[in-house]
Structure formats: structure tokens, C-alpha cells
Amino acid sequence: MAPPTELPARPERGSAPGFRAMGRLVAVGLLGIALALLGERLLALRNRLKASREVESIDLPNCHLIKGIEAGSEDIDILPNGLAFFSVGLKFPGLHSFAPDKPGGILMMDLKEEKPRARELRISRGFDLASFNPHGISTFIDNDDTVYLFVVNHPEFKNTVEIFKFEEAENSLLHLKTVKHELLPSVNDITAVGPAHFYATNDHYFSDPFLKYLETYLNLHWANVVYYSPNEVKVVAEGFDSANGINISPDNKYIYVADILAHEIHVLEKHPNMNLTQLKVLELDTLVDNLSIDPSSGDIWVGCHPNGQKLFVYDPNNPPSSEVLRIQNILSEKPTVTTVYANNGSVLQGSSVASVYDGKLLIGTLYHRALYCEL
């Protein structure tokens with residue numbers, strides 16, 4: 001009987017050169033895929049920011065910078081009687097500030113004066129002025145002519161909506177209520193539709209700064225619009241890249257939403273239950289920020305950022321530019337889009353809003369000056 005054949009010893013798993021080489025190939029392949037995805041996302045983000053875009057200046061003949069606004073006037077709202085409210089001094093993680101240690105405030109300008117000037121409104125005792133960090137604003141006039149001012153506020157970079165009563169005789173604001181809600185994690189702008197009722201945009205789904213950055217980088221389209229009332233709070237529109245400015249048509253039938261990183265304005269129909277359905281989307285070639293409505297014509301005036309990258313990577317030698325668009329007949333098949341003003345940053349940096357009243361144009365900025373023009 002022949003002796004049994006001795007089987008060769010089995011190599012230990014992973015010890016053979018072939019296994020090691022295969023593992024390295026897989027690792028290199030996965031790294032290459034990850035780098036390719038990161039590169040693609042970075043390129044996509046640059047395109048969304050319009051990082052290579054420059055503008056040719058379009059000047060208006062009768063303009064001057066508004067005295068007393070040195071560190072931003074992110075949003076402006078004008079009452080039918082010509083009183084204009086400015087939200088000033090916004091500070092935000094990752095954004096430049098010319099007055100990082102000064103609290104924000106609300107200024108007012110009477111556009112019916114021959115030489116209007118901006119004055120700061122006093123705010124009632126008990127409100128925390130030291131942490132006041134105002135963003136988007138909106139006014140509402142009740143049936144008894146009471147004027148309410150709604151302000152998106154970021155105290156210590158949190159998210160609240162403050163409701164004030166405007167007391168014209170005293171040039172002051174009486175604080176009525178602070179609104180906080182889990183459906184308002186990253187509020188940007190607001191449009192009031194009642195004395196304690198509003199639509200608000202969340203420019204991100206998350207409130208944490210790192211998760212916000214990741215959400216933007218991955219282009220998740222999780223931003224939304226929320227309706228708030230004392231009795232009901234609900235998401236009424238979603239799927240935005242970064243929902244920003246919001247406003248309502250003069251007939252109260254439509255809500256307009258600016259998607260800043262998608263370069264779009266969405267037209268949404270408002271229903272009796274306050275839900276919204278999308279009617280159309282207007283595509284533009286710039287980063288659209290706040291929206292203001294001319295009550296007489298229904299035209300939409302938009303403060304825009306031609307190059308978003310310059311906003312976040314601030315260089316005084318190459319500052320962010322400014323651009324103002326006027327949109328006529330947005331409900332038609334072919335709305336008319338006109339560039340009314342553009343500047344390379346030599347006069348006005350980072351325009352975020354443009355509002356008109358009786359032949360006068362106010363242009364505010366994210367963190368720079370504000371411009372008063374006679375059209």
C-alpha cells in the first residue's frame with residue numbers, strides 16, 4: 001500500500017503577494033472613486049456659486065450711499081406710506097463683517113422726505129438687544145391699521161422669528177413675541193400674512209454649521225418653506241437647493257421663492273388652507289437673494305450676487321459685486337428680465353435686496369453699505 005500523499009501547506013489568508021496586491025488595488029480604486037466624487041461635487045458647487053462670473057457696471061445717475069449703514073442692510077421692506085425698514089448688522093458663520101462686535105438693529109427711513117435719512121428705531125425694554133442679529137424682515141398691516149414688523153433673528157446663531165408692533169409716534173418697536181419651532185431650523189426670510197402668521201424659508205434642513213456645509217456641498221435639495229400660525233405649523237413646499245428670499249403677490253394669490261444656489265425664482269399658488277403648489281420656475285443667470293414687490297405694478301425686484309464665491313472668500317482687493325434685476329409679468333410665458341443696476345464692488349458689495357417706492361430705489365447688502373437712487 002502506497003503511503004498517503006502529503007498535501008501542501010495552505011498559505012495564511014492575506015499573506016500571499018497576490019492578496020496584498022489585490023487589497024492595494026481595491027484601496028486605490030476606492031480612493032480614486034472618492035476623490036473623483038469630491039472633485040465633481042466641488043466643481044458643481046463652483047458652478048452653483050457662479051465662481052467665475054464677472055459683471056459689467058450699469059450705473060444709475062442719481063444715487064448716493066446712505067449715511068449710517070456701514071455693516072450691511074440685508075433686507076428692506078417699505079410700507080404704503082413710504083416708511084422703509086432696514087435690517088442691519090447681520091453676522092453669520094463664514095461671512096465677513098465690518099462690525100463684528102456691534103449688535104444688529106432696525107433702521108427706518110421716510111421716503112416722502114425731501115432728503116430722507118436713516119434713523120435707528122428704539123426697541124422696548126426686555127428684549128435682548130445685545131444678541132440681536134436680524135436677517136429677513138416683513139411687515140403686515142392689520143384691519144385696524146396696526147403695523148407689525150416680523151424679523152428673522154439669529155441670537156447666538158440660533159433661529160427665531162421676532163414679532164414687533166411698530167409705534168410710529170415714538171419711532172419705536174414694541175416686542176410682542178418670539179417664535180421658535182423645530183420646523184424652523186435655519187430661517188432665512190419671511191413674508192407676513194397675518195398679525196402672527198407667516199411663511200418662512202429654511203435655507204438648510206439642518207441647523208448645525210458642519211451639517212449645513214455638508215448639505216450644501218452634496219447638493220441635497222432639502223431646503224423648504226414653512227407656514228406658521230399660532231394654531232398650525234407645517235411644511236408647504238420643499239425640494240429647494242437653498243430657499244432664500246420670499247414674498248407675496250399684491251393680490252395675495254401667489255408666493256414667490258428665490259432659490260439662491262439654483263439661480264431660480266419659484267412661483268407658488270397659495271390655497272385657502274395655506275398650502276402651496278408650484279406653478280412655474282423662472283431660471284436666471286445669477287444668485288437671487290431677497291425679493292421685493294412693487295405693489296402698483298406687481299413687478300419683482302431682486303437683489304442678486306453675480307459671484308457667490310466672493311461673498312464667502314472675502315478679498316478687499318477683489319470684493320463681491322452687486323446686481324439688481326427687475327422682473328415684469330412673471331406669470332406670463334416670457335417674463336421680461338432687466339438688469340437695472342450692476343457694480344463690480346467698487347461702490348456696493350454683495351447686494352441682497354432692492355425695493356422701490358414712488359420712483360425711488362433702495363439697494364441693501366449682505367454686510368456692506370446701502371444705496372439710495374432716484375429712478
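Leaving aside neighbours within four places in sequence, His135 is in contact with Glu74, Asp75, Ser87, Leu90, Val152, His154, Val187 and Asn188, where contact means heavy atoms within 4.5 Å. His135 sits in strand S7, residues 134-141. Helices (H or I, at least four residues) and strands (E, at least two) are DSSP runs, numbered from the N terminus. An unreviewed UniProt entry annotates His135 as "active site"; such annotations may be inferred rather than shown by experiment, and their positions follow the numbering used here, with feature names shortened.

This is a predicted model, in which local features need pLDDT of at least 70 and side-chain atom pairs count only at pLDDT 80 or more, while totals for chains, interfaces and linings use all residues. Residues are numbered from 1 along each chain as its sequence is written, and side-chain values use heavy atoms, with hydrogens and water left out.

Now let's meet Lys310, placed beside His135 in this table. Buried means under 20% relative accessible area, exposed over 50%, and partly exposed in between (1.4 Å probe, protein chains only).

| Residue | Element | Relative accessible area |
|---|---|---|
| His135 | strand S7 (residues 134-141) | 5%, buried |
| Lys310 | helix H3 (residues 309-312) | 9%, buried |

What does the side chain of Lys310 join in a polar contact? Its partner is the side chain of Asn318, at 3.0 Å. A polar contact is a pair of N or O atoms within 3.5 Å; within protein, one must be able to donate a hydrogen and the other to accept it, and residues adjacent in sequence count only if both atoms are side-chain atoms. Setting aside neighbours within four places in sequence, Lys310 is in contact with Glu54, Asn318, Pro319, Pro320 and Tyr367.

Helix H2 covers residues 209-218, and Lys212, Glu215, Thr216 and Tyr217 are buried there. At the N-terminal end of H2, Asp208 acts as a cap, with a side-chain oxygen 3.1 Å from the backbone nitrogen of Phe210. Just after H2 comes Asn219, with a positive phi of about 55°.

Finally, step back to the chain as a whole. It has three helices and 25 strands, and its C-alpha trace spans about 120 × 50 × 50 Å along the principal axes. Of the 375 residues, 52% are buried. Among contacts with a separation of 6 or more, 53% come from residues 24 or more positions apart.
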